[in-house]
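I sat down with this model and a cup of coffee to see what could be looked up. Here are my notes, in the order in which I settled them.

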Amino acid sequence: MTRKQKRLVMIGGGVSFIVAAVLLVMVAFSQAIAYFYVPGDLMKADLAPGTRIRLGGLVETGSLKRGEGMTITFSVTDTLDTVPVTYTGILPDLFREGQGVVAEGSFKEGSPVFVADTVLAKHDETYMPKDVADRLKAQGVNLGGKENIQ
Amino acid sequence: MIIELGHYALVLALATSLLQAVLPIIGALRNDHALMEIGTVAAKATFLLMALSFGVLTYAHVTSDFSVQNVWENSHSQIPLIYKFSGVWGNHEGSMLLWVLILTFFSALVAVFGNNLPETLKANVLAVQAWIAVSFSLFILLTSNPFNRLLDAPGEGRDLNPVLQDIGLAIHPPLLYLGYVGFSVCFSFAIAALIEGRIDAAWARWVRPWTLAAWTCLTAGISMGSYWAYYELGWGGWWFWDPVENASFIPWLAGTALLHSALVMEKREALKIWTVLLAIMTFSMSLLGTFLVRSGVLTSVHAFATDPTRGVFILMILILFIGGALSLFAFRAAHLKAGGLFAPISREGALVFNNLILTTAAATVLIGTLYPLALEAVTGAKISVGPPFFNMTFGLLMLPLMLAVPFGPLLAWKRGDLLGAGQRLFAAVAFGLVVGSVIYYAQNGGPIMALFGIALGAYMIAGSLTELFLRSGLGKVTGAVAWRRVSGLPRSVFGTALAHIGLGVTLIGIVAVTAFETEHIVEMKPGMTTDAGGYTLRFDGLRNGKGPNYSEESGHFTISQAGSEVAEVWSSKRFYTARQMPTTEAGMRTFGLSQLYVSLGDDMKDGGVVVRVWWKPMILCIWLGTVFMMAGGAVSLSDRRLRVGAPARAKKQKKPVLEPAQ
């Protein structure tokens, strides 16, 4: 091969690999990401059943039912709207009523209950997931300056 | 008084860093030996002062001096001594101090061991190191001072975050920082080369050991962090593609690429400009990681401490260094003579292939990590980019690299023989297929991708051994001759083989645990049993206990196989009183390379308890593989070729080669 051909092979190979990577990233962004909602957004969102989302808010006080079988039910609220959630498994250590939570999962066909397969709770005594804090603030909920302060 | 001494040492360290940042570079410009020598002295002094400062903070933590705000916020008089030590860096201020301490440690290493370097190069490297040290010392003093006092000293501290009260915290951050910050030396070498406008194979030879050392530590840090998360968080997960994990993984990928491209530069004087760029990018990614973790811009399980003013400060540092370095690169890169060409099918070609894939993969992880931030900033929409995205993009992109790994060392420099290499790898391919089929029968089928992944891992292991086997000539010569040949090989050959074997072992672990793990969530009362991975787990009952600063409830389980008891395991839930915080202490039992992982959930009203049981087949391979990689790094580092040879030649070219930019 001449120098020119060698260079052409190298550059061509590199460019086609990068193009493939870019395409892959674009496909993945259209398929493999989850949007974040608080209960108040869901009414407007009109989601297709089975769409994976993250649902964030506060665990409504008095809504948590545990200790009766393995499926746990609770409600996620942004203080105006509330969504019932079911989850089978062991809740994170810091899951508590009145505290911030992010649940990942989807709505099943024709059901208003959000079926979560992952539940993330805030993990520091004064830490609230930033997504939740921002949305709650946008909804006018007073957080008492608790979020994001050590 | 002692506390103020630490504070004062920190300020003095800033002052000596300033000297180190300015004087040597002027000395290099004027060829003034005395000025250049100041860099060496200042680097050692800065390190000693930082060490003193860090020692004082450690003293405050160990003696539980709650008049220091940092100690009060993050410590407790009752916690075990080891957590008083590790608690020093278990918080924002202390961990930044550790960051700078390690930075100055590396500067001091350059000062001490850099006598072989050309004088001007050493002076410039030390100056660049000092620029970084000045920025971060200022950051600590202005926004995150660990020596702030409280007017009324409280009687008791607020406790260290219980999740951090673990031996993992003692080891993970220092190792991670040794890696992260170790790349600063490569960065400084790259900037120094750009300032001087000269770069040659000897440069690559000086940079390689630093890269290797930093890479080895970063590998250890990431691996340790992964294992820590695995056993501490009680979810049984070992990698979450969490932004903070990505923040350490991106520099690792870039550093791995740098390790390979420096090889090409050292051996063949090619890829010079690319290697310099990669050295800059690797440390830039480390800085970006520091920014992501320390600024709190991310929603993350790791974002323990957040403060926007700090974020802005680090962002400024980030822009200054990355922007400055890339501008310098743009102006000066043309001055560096480009290296020779080579055939696409050659050792160099293989290493370029490696670099292409690793940097693309690093870019993909970077995009996945930053995209949610960018999208939120632009449109306000919030998304989460999680494991599905990364598995799809990163996983697929790495596939061709994994296939190519055994080929690289078998190809000759300049012009290689792909077909010949393929033929020599025949045995490795066959081995991979055999392993794949054995798993197929053992598991009665199984997902085809998983079988392929395990076969791929086995092929990589066998393929990496192929080179050693061929070089020994075993089968053609007697055993004694083969042994002599193998023991005469340069250590870096073993290092390469070890690291590549490690990659294969890790891959097998990842694939096996992803495809074949089983998870049960069951409600158990004492005496009940459940099956997992061929073992039977019997719940025997709960017991209440008390630790120094927590109370706990532990479940006892007996593990039996085919009717006979083989092991027992405790799994606990702890409640830390000072912070009113519960943690899960999962119970684990190891069988070979596999583990049974038990965590406790809620107590039931009828006296039972929810138990989550995982069978994690081959999971230890994930970390065992990284141990191989680290061993590979360490063995390569001990190669004589990295320590001798180059210096003698370099000393002759002492005259400054700086030419005005046209």
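**Notebook: loops, a helix contact, a sheet and the cysteines**

I began with B:Met618, which is partly exposed at a relative accessible area of 30%. This is a predicted model, so I read every value as computed from the prediction. B:Met618 sits in the loop between β10 (609-616) and α20 (620-637) of chain B. I looked up its backbone too: phi is positive, about 60 degrees, although the residue is not a glycine.

That made me look at B:Ser64, another non-glycine with a positive phi, here about 50 degrees. I found B:Ser64 in the loop between α2 (33-62) and α3 (69-74) of chain B. Is B:Ser64 buried or exposed? With a relative accessible area of 14%, B:Ser64 is buried, whereas B:Met618 is partly exposed.

**Chain A, in outline**

Next I took stock of chain A, which has 3 helices and 6 strands. I read their order along the sequence as α-β-α-β-β-β-β-β-α. Of the 150 residues in chain A, 47% count as buried. The chain exposes about 7400 Å², and carbon and sulfur atoms supply 59% of that area. I also checked the contacts between residues at least 6 apart in sequence: 51% of them join residues at least 24 apart.

**B:Phe389**

I then followed B:Phe389, which belongs to helix α13 (residues 387-404) of chain B. Which residues does B:Phe389 touch, leaving out those up to four places away in sequence? From chain A I noted A:Val25, A:Ala28, A:Phe29 and A:Ala32, and from chain B I noted B:Thr364 and B:Gly368. B:Phe389 is buried, with a relative accessible area of 0%. For a sense of distance I looked up B:Tyr177, which is 212 residues from B:Phe389 along the chain; their C-alpha atoms are separated by 28 Å.

**Helix α6 of chain B**

I turned to helix α6 of chain B, residues 119-143. Its 25 residues reach 36 Å from the first C-alpha to the last, close to the 36 Å expected at 1.5 Å a residue. α6(B) is mostly covered, with 20 of its 25 residues buried.

**The sheet in chain B**

How are the strands of the open sheet in chain B ordered? I wrote down β3-β4-β5-β6-β7, five strands with antiparallel pairing. At the edges are β3 (529-532) and β7 (581-585), each of which pairs on one side only. Ignoring direction, neighbouring strands of this sheet are turned by 30 degrees against each other on average.

Within the sheet I picked out β5 (residues 550-561) and β6 (residues 564-576), which are antiparallel and joined by 12 bridges. To pin down one pair, I looked up B:Ser554 and found B:Ser572 in β6(B) as its bridge partner.

**Cysteines**

Last, I looked for disulfides and counted 0 over all chains. Why does B:Cys186 form no such bond? The closest cysteine sulfur, in B:Cys217, is 12 Å from the sulfur of B:Cys186, which is too far for a bond; a disulfide would need the two sulfur atoms within 2.5 Å. I checked from the other side as well: B:Cys217 is in no disulfide, and its nearest cysteine sulfur is that of B:Cys186. I added one more note on B:Cys186, which counts as buried at 0% relative accessibility.

Key:
Residues are numbered from 1 along each chain as its sequence is written. Chains are lettered from A and ligands numbered from 1 in the order in which they are written. This is a predicted model: local features need pLDDT of at least 70, side-chain atom pairs count only at pLDDT 80 or more; totals for chains, interfaces and linings use all residues. Side-chain values use heavy atoms; hydrogens and water are left out. Helices (H or I, at least four residues) and strands (E, at least two) are DSSP runs, numbered from the N terminus. Buried means under 20% relative accessible area, exposed over 50%, partly exposed in between (1.4 Å probe, protein chains only). Contact means heavy atoms within 4.5 Å. Accessible areas come from the Shrake-Rupley method with a 1.4 Å probe; for residues, only the protein chains shown count as cover. Two strands pair if DSSP finds at least two bridges between them. Axes are lines fitted to C-alpha atoms, for helices over the stretch in contact, and angles run from 0 to 180 degrees between N-to-C directions. The expected span of a helix is 1.5 Å times one less than its number of residues.
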